[in-house]
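Please find below a colleague's note, arranged as numbered points. The sequence and the structure come before the comments.

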Amino acid sequence: MPTPVTHPTQLGEPAIANADIQLLVLDIDGTIAGVSNQITQSVKEAIAAVHRKGIPVAIATGRMYRSALRFHQEIVSPLPLIAYQGALIKDPATETLHYHTPVASEIALELLDYFDDSRVRSQLSVHCYIDDCLYVRELTALSQAYGDRTGVTPIPLGDLRPLIAASAPTKLLALSQNTALIDELLQAFSLRYTPTELYLTKSHPTFLEAGNPAVNKGAAVRYLAEDILGLSPGNVMCIGDNFNDVEMLEYAGIGVAMGNAPEGVKAVANWVSPSVEEEGVARAIERFLL
């Protein structure tokens, strides 16, 4: 199982300029896909140029596997696909499941108790991911919008407890337009659970995600780089835009934060690119790899 990444790799500008990059890892939302939910032609061409240099390109996303698959295919990645913040790594070419690390059912059930509290229930849409299917308590406007963007149809069940008791979920996601509530829950859960009990992150200001403590994108990228390709952190370049990308930006020899990233994410990066709408991935690739 990949080891969680918790410490940054600090590199100065000379080290970045001389880095021997042999793997490029890209986030999807806010990184290669903006408002349009598509990869622009300029970014596609930049990625194709990286392939021509013999550098493989991989996807590391919080999305479901089946939602991320079209992006993996579009960039013609030869590598396994990292989905669910790294909780699932699967090779689309061979259907090989490298690993799947779900949340313990007992902790997931405890989280549902918090989400069902009368003070917050009406403000939250709760998503549960099992067997690459999306289950929800009810079909809210937020859940419908999420389904529309990801291309996945949410399955409303009402009470999610019987499902979770029978099968540990890959991850849980709480959505709310009340971003202060999301921050409040993140803080409360961070005090209630240690990093060895639960992985918590925000992939968007309105998204609070909970996963197995062994899971994060940094651990998944480390597995891809070191265990599959035999590389070191200095051979890896990662690009992302939110707090769920922090661990992989810290791990990589070159960690690039998008211009649309929160300041806390930019602070751990070696370089900040233009925003996703300004095709920042293409600019970063041109800067470091071409």
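1. In this predicted model, helix H4 meets helix H7 through a defined set of residues. On the H4 side these are Glu110, Leu111, Tyr114 and Phe115, and on the H7 side Leu185, Phe189 and Arg192. By class, this contact of H4 with H7 comprises five nonpolar residues, two charged residues and no polar ones.

2. The geometry of this pair should be read together with its contacts. Helix H4 spans residues 105-115 and helix H7 spans residues 179-192; they pack at an angle of about 140 degrees, and their axes lie 12 Å apart. Since angles over 145 degrees would count as roughly antiparallel, H4 and H7 are therefore oblique to each other. The crossing of H4 and H7 is right-handed.

3. One residue of H7 deserves a separate remark. Ala188 is located in helix H7. Is Ala188 buried, partly exposed or exposed? With a relative accessible area of 38%, Ala188 is partly exposed, because the partly exposed class lies between 20% and 50%. Relative to Leu172, Ala188 is 16 residues away in sequence, and the C-alpha to C-alpha distance between them is 16 Å.

4. A second helix pair is formed by H2 (residues 41-52) and H11 (residues 280-288), which pack at an angle of about 30 degrees with their axes 8 Å apart. H2 is therefore roughly parallel to H11, as angles under 35 degrees are counted in that class. The crossing of H2 and H11 is left-handed.

5. The residues joining this second pair are as follows. From H2, Ser42, Val43, Ala46, Ile47 and Val50 take part, and they meet Val281, Ala282, Arg283 and Ile285 of H11. The contact of H2 with H11 contains seven nonpolar residues, one polar residue and one charged residue.

6. Turning to the protein as a whole, its secondary structure consists of 11 helices and 14 strands. The radius of gyration is 18 Å, close to the 19 Å that the globule rule gives for 290 residues, so the protein is as compact as a globular protein of that length. Along the principal axes, the C-alpha atoms fill a box of roughly 55 × 35 × 35 Å.

7. Two further global values complete the note. Of the 290 residues of the protein, 55% count as buried. Among contacts with a separation of 6 or more, 60% are accounted for by residues 24 or more positions apart.

Conventions: Residues are numbered from 1 along each chain as its sequence is written. This is a predicted model: local features need pLDDT of at least 70, side-chain atom pairs count only at pLDDT 80 or more; totals for chains, interfaces and linings use all residues. Side-chain values use heavy atoms; hydrogens and water are left out. Axes are lines fitted to C-alpha atoms, for helices over the stretch in contact, and angles run from 0 to 180 degrees between N-to-C directions. Helices (H or I, at least four residues) and strands (E, at least two) are DSSP runs, numbered from the N terminus. Angles under 35 degrees count as roughly parallel, over 145 as roughly antiparallel, 65 to 115 as roughly perpendicular and the rest as oblique. A crossing is left-handed if the near helix is turned anticlockwise from the far one by less than a right angle, and right-handed if clockwise. Contact means heavy atoms within 4.5 Å. Ala, Val, Leu, Ile, Met, Phe, Trp, Tyr, Cys and Pro count as nonpolar, Asp, Glu, Lys and Arg as charged, and the others, Gly among them, as polar. The radius of gyration is taken over C-alpha atoms; the globule rule is 2.2 Å times the number of residues to the power 0.38. Buried means under 20% relative accessible area, exposed over 50%, partly exposed in between (1.4 Å probe, protein chains only).
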